[in-house]
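Work through the following exercises with the sequence and the model side by side. Each task is followed by a solution that goes step by step.

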Amino acid sequence: QVQLVESGGGLVQAGGSLRLSCAASGNIFRDNYMGWYRQAPGKQRELVAVIDSGGIKNYADSVKGRFTISRDNAKNTVYLQMNSLKLEDTAVYYCNVRTRATIWAAWGDYWGQGTQVTVSS
């Protein structure tokens with residue numbers, strides 16, 4: 001099992017910045033991805049950014065150049081630095097960890113409780 005604790009959401013004006021953190025604990029194997037998803041009212045949950053255990057990152061097109069994902073492996077923590085925030089970034093942001101013990105094992109998929117990010121005009 002993996003437990004995730006998110007922090008850093010809040011209210012910010014358009015053009016501002018926020019930094020989200022997600023501390024993970026439990027059975028996180030060397031083969032893992034840590035990422036952020038978001039869900040706006042009336043919309044499906046969507047990938048924002050993901051980083052694998054080797055540091056390779058992927059971003060949604062809508063956040064490229066504005067958001068930066070990073071991780072501290074010693075702390076099992078993933079961060080999302082959000083700059084130049086737009087009204088359309090308003091959503092609940094969820095931390096996600098996917099991990100497996102071996103390449104033959106099934107992926108375990110774990111979610112945080114979500115943190116609200118609200119961008120105002």
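The exercises below move from the whole chain to single strands and then to single residues.

The model is predicted, with local features requiring pLDDT of at least 70 and side-chain atom pairs counting only at pLDDT 80 or more, while totals for chains, interfaces and linings use all residues. Residues are numbered from 1 along each chain as its sequence is written, and side-chain values use heavy atoms, with hydrogens and water left out.

**Exercise 1. The whole chain**

Determine which secondary-structure elements the chain has, and compare its radius of gyration with the value for a compact globule.

Solution. Begin with the elements, where helices (H or I, at least four residues) and strands (E, at least two) are DSSP runs numbered from the N terminus. By this count the chain has 11 strands and zero helices, so its order from the N terminus is β-β-β-β-β-β-β-β-β-β-β.

Next, take the radius of gyration over C-alpha atoms and apply the globule rule, 2.2 Å times the number of residues to the power 0.38. For 121 residues a compact globule would have a radius near 14 Å, and the chain, at 14 Å, agrees with this. The C-alpha trace spans about 45 × 25 × 25 Å along its principal axes.

Then turn to burial, where buried means under 20% relative accessible area, exposed over 50% and partly exposed in between (1.4 Å probe, protein chains only). Of the 121 residues, 41% are buried.

Finally, consider contacts, defined as heavy atoms within 4.5 Å. Among those between residues at least 6 apart in sequence, 54% join residues at least 24 apart.

**Exercise 2. The hairpin of E7 and E8**

Describe how strands E7 and E8 pair, and identify the residue in the turn that has a positive phi.

Solution. Two strands count as paired if DSSP finds at least two bridges between them. E7 (residues 67–72) and E8 (residues 77–82) are antiparallel, with six bridges between them. Within this pairing, Leu80 of E8 is the residue opposite Ile69.

The faces of E7 come next: Phe67, Ile69 and Arg71 form the covered one, whereas Thr68, Ser70 and Asp72 form the uncovered one.

The two strands form a hairpin with four residues between them, and in its turn Asn76 has a positive phi of about 50 degrees. Most residues other than glycine have a negative phi. Asn76 is not a glycine, and its relative accessibility of 26% makes it partly exposed.

A second residue can be treated in the same way. Ser84, in the loop between E8 and strand E9 (91–100), is not a glycine but has a positive phi of about 50 degrees. Its relative accessible area is 41%, and Ser84 is therefore partly exposed.

**Exercise 3. Trp111 and its strand**

Locate Trp111, state how accessible it is, and list its contacts outside its sequence neighbourhood.

Solution. Trp111 belongs to strand E10 (residues 108–111). The uncovered face of E10 holds Asp109 and Trp111, and the covered face holds Gly108 and Tyr110. Because its relative accessible area is 35%, Trp111 counts as partly exposed.

E10 runs antiparallel to E9, to which four bridges join it, and Gly108 in E10 is the bridge partner of Thr99.

With neighbours within four places in sequence left aside, Trp111 is in contact with Leu4, Tyr37, Arg45, Tyr94, Cys95 and Asn96. Leu47 is 64 residues from Trp111 along the chain, and their C-alpha atoms are separated by 13 Å.

**Exercise 4. Two loop residues**

Place Gly8 and Asp61 in their loops, and decide whether each is buried, partly exposed or exposed.

Solution. Gly8 sits in the loop between strand E1 (2–7) and strand E2 (10–13), and with a relative accessible area of 32% Gly8 is partly exposed. Not counting residues up to four places away in sequence, Gly8 touches Leu18, Arg19 and Leu20. The C-alpha atoms of Gly8 and Leu20 are separated by 4.5 Å, although the two residues are 12 apart along the chain.

Asp61 is in the loop between strand E6 (57–59) and E7. With a relative accessible area of 63%, Asp61 is exposed. The C-alpha atoms of Asp61 and Val48, which are 13 residues apart along the chain, are separated by 8.6 Å.
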